[in-house]
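Visitor: I'd like a close look at the salt bridges here, and then at whatever sits around them. Take your time and go pair by pair.

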Amino acid sequence: MCWYLHRTESLMGKSIFKWTHLRISSKWFQNTSRVKEEHEERARQVFRDTDIQISIHGKRHLGAALGSMTFTEEYVRDKVQGWVQEISHLSEIAISQPHAAYAAFVHGLSSRWSYLSLTIPDIDDLLLPLEAAIQQTLIPALTGRATCSDLERKLLGLPARLGGMALANPATKAREIFVASEKFTMPLVALIVSQEFNQEIEASKIMSIKQIIRHKNRQKQDKKAKEVYDHLSPHLQRAVDLAKEKGSSSWLTVTPLEEHGFYLNKGEF
């Protein structure tokens with residue numbers, strides 16, 4: 001388990017150190033703790049006889065970054081750079097195997113930045129190069145069209161049930177995903193802050209929060225879909241109407257397994 005103090009108002013609080021030493025004696029904390037720069041020397045003195053390593057910058061933890069703004073931004077930029085390269089490779093595959101490339105993106109690759117958005121706030125702008133790669137490279141490779149207009153991009157970003165292709169814009173979705181994550185983890189945060197170790201999180205409370213979040217997300221999607229629909233040409237509106245029919249977009253949401261007849265070649269896709 002890692003312990004980070006960068007959001008603690010006062011590292012010197014007696015209650016914090018009492019609680020900390022209790023956990024150290026139980027070997028709960030074995031990794032790195034990040035402290036504010038002005039408290040570094042004092043923190044090193046307090047934890048000098050433990051296995052805890054002190055850092056004033058930050059550290060990667062469970063696929064996310066915890067620490068200073070500079071450290072976090074550098075971490076996200078490195079991640080985005082790698083994903084842009086992966087999208088480039090996936091786009092090359094999409095030219096000849098669009099269905100396989102699409103499934104790899106929706107069911108696999110996109111979950112990586114979705115997780116990052118769940119755990120790190122205010123990364124909207126840092127994800128813009130990623131969105132540029134999706135709109136300018138991947139989508140043209142999938143659709144066989146040289147360009148993708150902003151309106152078409154919004155349409156393709158809608159879920160399949162609303163006539164889109166679930167190619168969500170990572171930059172515009174980041175804040176929404178993080179806010180939902182904050183709401184979903186509120187009971188756990190409250191439990192940690194209370195320091196009542198005998199308490200348990202009520203499953204019904206978690207399910208209730210999840211249902212509320214899901215309901216609000218669907219409302220936002222429906223509203224966005226209507227706004228996009230109203231600006232489409234009659235031809236595209238007709239295509240969206242057909243795509244929204246029950247079962248019409250099932251081929252987009254299933255895993256393209258050739259043995260079950262779910263895989264589509266370039267012409268069929």
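Guide: Let's fix one piece of vocabulary before we start: by relative accessible area, a residue under 20% is buried, one over 50% is exposed, and anything in between is partly exposed. Keep in mind, too, that this is a predicted model.

Now for the pairs. The structure holds nine salt bridges, and three of them make a good tour. Start with Arg77 and Glu73, whose side chains meet at 3.8 Å, N to O. They sit four residues apart in helix H3 (residues 69-96), so about one helical turn separates them. Both partners are partly exposed: Arg77 has a relative accessible area of 45%, and Glu73 has 27%.

The pair of Glu86 and Arg112 comes next, with an N to O distance of 2.8 Å. Here the partners belong to separate helices, Glu86 to H3 and Arg112 to H4, so the bridge ties together parts that are 26 residues apart in sequence. Glu86 comes out at 31% relative accessible area, which means partly exposed, and Arg112 gets that label as well, at 41%.

The third stop is Glu152 with Arg145, bridged at 3.0 Å, N to O. This one pairs a buried residue with a partly exposed one: Glu152 has a relative accessibility of 19%, so it falls on the buried side of the cut-off, while Arg145 is at 49% and counts as partly exposed. Beyond single pairs, Asp122, Asp124 and Arg175 are joined into one network by salt bridges that share partners.

That network leads us to the loop between H4 and H5, where Asp122 is found. Asp122 is exposed, at 59% relative accessible area. Its backbone is worth a glance as well, with phi near 55 degrees, a positive value in a residue that isn't glycine. For context, most residues other than glycine have a negative phi. Pro121 has its place in the loop between H4 and H5 too, and is partly exposed at 28%. Look across from there to another member of the network: the C-alpha atoms of Pro121 and Arg175 are separated by 7.0 Å, though the two residues are 54 positions apart along the chain.

Ala166 is another non-glycine residue with a positive phi, about 60 degrees. You'll find Ala166 in the loop between H6 and H7, partly exposed at 32%.

Several of these helices also turn up around the second largest pocket, which has a volume of about 1,000 Å³. The pocket is lined by 36 residues, and the closest to its centre are Gly157, Ala168, Asn169, Lys173 and Gln221. The elements giving two or more residues to that lining are H4 (98-119), H5 (128-143), H6 (150-156), H7 (170-184) and H9 (203-230). H9 gives the most, with eight residues. Sorted by class, the lining has 13 nonpolar, eleven polar and twelve charged residues.

To finish, swap charge for grease: Leu62, Tyr115 and Leu118 form a nonpolar patch on the surface, with about 280 Å² of accessible area together. Leu62 belongs to the loop between strand S3 (58-61) and strand S4 (64-67), and at 62% relative accessibility it counts as exposed.

Note on methods. Residues are numbered from 1 along each chain as its sequence is written. This is a predicted model: local features need pLDDT of at least 70, side-chain atom pairs count only at pLDDT 80 or more; totals for chains, interfaces and linings use all residues. Side-chain values use heavy atoms; hydrogens and water are left out. On a 1 Å grid over the protein atoms alone, a cavity is a set of points where a 1.4 Å probe fits but cannot get out, and a pocket is an open set with protein on both sides within 12 Å along at least five of seven lines; lining residues have an atom within 4 Å of a point. Grid points are joined across faces, edges and corners, and a volume is the space filled by probe spheres set on the points. Ala, Val, Leu, Ile, Met, Phe, Trp, Tyr, Cys and Pro count as nonpolar, Asp, Glu, Lys and Arg as charged, and the others, Gly among them, as polar. Buried means under 20% relative accessible area, exposed over 50%, partly exposed in between (1.4 Å probe, protein chains only). Patches are made of residues with over 30% relative accessible area and no salt bridge: like charges are joined within 9 Å, nonpolar side chains (Val, Leu, Ile, Met, Phe, Trp, Tyr) within 5 Å. Accessible areas come from the Shrake-Rupley method with a 1.4 Å probe; for residues, only the protein chains shown count as cover. A salt bridge is a side-chain nitrogen of Lys or Arg within 4 Å of a carboxyl oxygen of Asp or Glu.
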